[in-house]
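Let's take a walk through this one together. Pull up the model and keep the sequence handy as we go.

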Amino acid sequence: MSADEIQRLSKRGTTPSLAEEFHRRAKALEAQGERVIYLQVGQPSTSAPAAALEAIQRESEISILGYTGAAGIPELRERLARHYQERYGVEVSSERIIVTLGASGAMLLALISCFEKGARVAIGQPFYYAYRHAMPTVDIECVPFYPSEETHFQPTVADLEAIEGKIDGLVFASPGNPTGSMMPPDQFAEVADYCRQKGIQLISDEIYHDIIFDNDVPQTTAVAHSDDAIVINSFSKYYSMPGWRLGWMVVPEYLSEPVTHLAHNLYICPSAPSQFGAIEALNCREELDKHVVRYARNRDILLREMPRLGFDRFAAPHGAFYLYCHVKHMHEDSAKFAIDMLEGCGVLAAPGTDFSPRDGHHFMRFSYAGSTEDIEEGIRRIEKWRS
Ligand SMILES: Cc1ncc(COP(=O)(O)O)c(C=O)c1O
């Protein structure tokens, strides 16, 4: 194979994200001595629960923390199965739980195991961009579609019916990223039914579950709606363990074995220390719910203060830790606006362009996963910069 051909293949799916580029720019500013307020990243400012850290220490004293089974250690798989009983009242056998390298690793396993080359998988925009970028690496076409702002950008059956051509899969997240919006349970049930009838593989990304603020829209899991859906979840958000690179999926029974073999062949197993920590993290709801109280406080500060700064067009998020604001009335291009803001007052927010290549240049996403002090400082700086 020629070097040209290899260079072409090596770029397969290497779509850069603005988020990464802007993060680099912010780091360069910091290297010059400026303190940057990062409101672009969906990373909790807290560490993992103390009991999770202790569990790793304990385990490292009695075991070598070697390879585990590809689908994870039985204790964690069983604990996660119990989690579905406790949180949602649904029975899931532990064989259906596959522990993964974050939600990202789970999505890769789902894509490879469920779809043929050339399959078409729909994702309503705006959405977390990495899945859209990852699909071409495994020769899957990401089919963007555009749910209405009236349904808080959460897909309806009518949206799915309006997609041109047959689709093989659908990915959605409730609460969603970048909107924090949730899909009401009846809409959820309709979408799940439609997918079953049409033979569309449903992949429900539930990574923001348990970070919800009011019970306006109750949390629901796809496991309760369909035996064929794939559910993806992670320890990165509610459990405050993003760098531990641990997540899980719930798969239909018939996928359990093939997905396990696939995981083994791709990366042998998920991180052993993280798995021992994760078992404990699942028992730390009291500590973790305090983080949710902080997110709710941060959200309320933003809802109150942002309109004063000109960011006055948004839907209040039901969950997650993002506020997705219209900025068209302030700037034609949110990417340029984000750079101006970074250079003008040292506050970094995420331009919507990553989340929706079609309309994202009219939006900006502010993350409030961080500390309340950072949210308040960010607001002070933006106010001064805009006045
Ligand atoms: C909707 C969504 N899915 C998946 C991920 C990736 O998560 P993980 O850290 O578990 O790989 C993110 C990260 O922000 C996300 O927002």
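How far apart do the C-alpha centres of domain 1 and domain 2 lie? The answer is 24 Å. Before going further, keep in mind that this is a predicted model. The split itself goes like this: domain 1 takes in 3-47 + 286-386, while domain 2 covers 64-283. So domain 1 is written as two stretches of the chain, and domain 2 as one, if you follow the assigned bounds.

Now look at where the two meet. On the domain 1 side, 31 residues are in contact with 28 residues of domain 2. Helix 11 (285-305), strand 9 and strand 12 each put at least two residues into that side of domain 1. Helix 11 gives the most, with 6 residues. If you care about the chemistry of that side of domain 1, its residues come out as 13 nonpolar, 13 polar and 5 charged.

Strands 9 and 12 are worth following a bit further. They belong to an open sheet of 3 strands, in the order 9-12-11, with antiparallel pairing. Strand 9 (322-326) and strand 11 (350-351) sit at the edges with a single partner strand each, so one side of each has no neighbour in the sheet. Zoom in on strand 11 and strand 12 (residues 363-367), and you'll find 2 bridges in the antiparallel sense. One pairing to click on is Ala-350, whose bridge partner in strand 12 is Arg-365. Lying across strand 11 and strand 12 is helix 12 (residues 334-345), which runs at about 45° to strand 12.

Next comes another sheet. This open sheet has 7 strands in the order 2-8-7-6-5-3-4, and its pairing is mixed. Its edge strands are strand 2 (97-100) and strand 4 (141-145), each pairing on one side only. From one strand to the next, the twist averages 20°. Among the parallel neighbours are strand 3 (residues 120-124) and strand 5 (residues 169-173), joined by 3 bridges. There, Ile-123 stands opposite Val-171 in strand 5.

Strand 7 (residues 230-234) deserves a longer stop. How many of its residues are buried? It turns out to be 5 of the 5, so strand 7 is largely enclosed by the rest of the structure. Both faces are covered, with Ile-230, Ile-232 and Ser-234 buried on one side, and Val-231 and Asn-233 buried on the other. The pairing of strand 7 also shows what "mixed" looks like in this sheet. With strand 6 (residues 201-205), strand 7 pairs in the parallel sense over 3 bridges, and Ser-204 stands opposite Val-231. With strand 8 (residues 247-250), strand 7 pairs in the antiparallel sense over 4 bridges, where Met-249 is the bridge partner of Ile-232.

Strand 7 also leads us to the ligand. Which residues come nearest to it, of the 13 around it? They are Gly-102, Ala-103, Ser-104, Ser-234 and Ser-236. We have already met Ser-234, as one of the buried residues of strand 7. Helix 5 (residues 102-114) supplies the largest share of the shell, 3 residues. By class, the shell around the ligand has 5 nonpolar, 7 polar and 1 charged residues.

Conventions. Residues are numbered from 1 along each chain as its sequence is written. This is a predicted model: local features need pLDDT of at least 70, side-chain atom pairs count only at pLDDT 80 or more; totals for chains, interfaces and linings use all residues. Two strands pair if DSSP finds at least two bridges between them. Two residues are in contact if their C-beta atoms, placed from the backbone, lie within 7 Å. Axes are lines fitted to C-alpha atoms, for helices over the stretch in contact, and angles run from 0 to 180 degrees between N-to-C directions. A residue is buried if 20 or more other C-beta atoms lie within 10 Å of its own, exposed if 12 or fewer, and partly exposed in between; C-beta atoms are placed from the backbone. A residue is near a molecule or strand if its C-beta atom, placed from the backbone, lies within 6 Å of it. Ala, Val, Leu, Ile, Met, Phe, Trp, Tyr, Cys and Pro count as nonpolar, Asp, Glu, Lys and Arg as charged, and the others, Gly among them, as polar.
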